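Colleague: Could you take me through one part of this model in detail? I would like to see it set against the whole chain.

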Amino acid sequence: MLHHINEERLRTLAARFSAGNRPYQREEAMLKISRVLAEREPKYLTYFELVRIAAFVDASLAAYASANEPNILKHTTEEAFALPPEKALRKLISLSGVDVRVASFVLSLLEPETLPFLNHFAWAALFSTPKLRFTPEDYSRYREEVAKLRKGWRISAYEVSKALTVLGMER
């Protein structure tokens, strides 16, 4: 656990977050999806949005995500977004090309204030151990630790995840 880090350091690290330099790895597109989700009722993802998110998280997953049938994807994400986070994560990973990393990123775009996203770098930064595959239980554990880390601070779970990703990449 990161006992030596403070809110200012997290904000500095988060400002350096970048998934990569390819067009599909630009965070602006993800933030646009987050804004659209905040306004859309009922909440759901489109086919294009999911493929774009999968490519952002891990380019190798985009082809698998593109195998989803658009109407089933819309219906599944709409159902997922009405559930509590753990159940929503499980519902989302039932879709093709959606692993725990992608599902957590989707949830983070839906509720950036309280739901962090998980990746290998963020996990390593927070728990000081590498991990290649994640389970829904891993996400629950990570989410709890991020909540503890940001307690009393005015920084979103999304921003903490960005900071932890940068910190993990530097290790």
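What follows is a close look at helix 3 and its surroundings.

Colleague: Which residues of helix 3 are buried, and what covers them?

Modeller: Happy to! This is a predicted model, in which local features need pLDDT of at least 70 and side-chain atom pairs count only at pLDDT 80 or more, while totals for chains, interfaces and linings use all residues. Residues are numbered from 1 along each chain as its sequence is written, and side-chain values use heavy atoms, with hydrogens and water left out.

The protein chain has ten helices and zero strands (helices are DSSP runs of H or I of at least four residues, strands runs of E of at least two, numbered from the N terminus). Its radius of gyration, taken over C-alpha atoms, is 15 Å, close to the 16 Å of the globule rule for 171 residues (2.2 Å times the number of residues to the power 0.38), so the chain is as compact as a globular protein of that length. The C-alpha trace spans about 45 × 30 × 30 Å along its principal axes.

Now to helix 3, residues 47-57: E49, L50, V51, I53, A54, A55 and F56 are buried there, meaning under 20% relative accessible area with a 1.4 Å probe, protein chains only. Their cover includes helix 2 (27-39), helix 4 (62-65), helix 5 (70-81) and helix 7 (100-110).

Across the protein chain, 49% of the 171 residues count as buried. Of the contacts (heavy atoms within 4.5 Å) with a separation of 6 or more, 61% join residues 24 or more positions apart.

Technical notes. Buried < 20%, exposed > 50% of the residue type's maximum accessible area, 1.4 Å probe, protein only.
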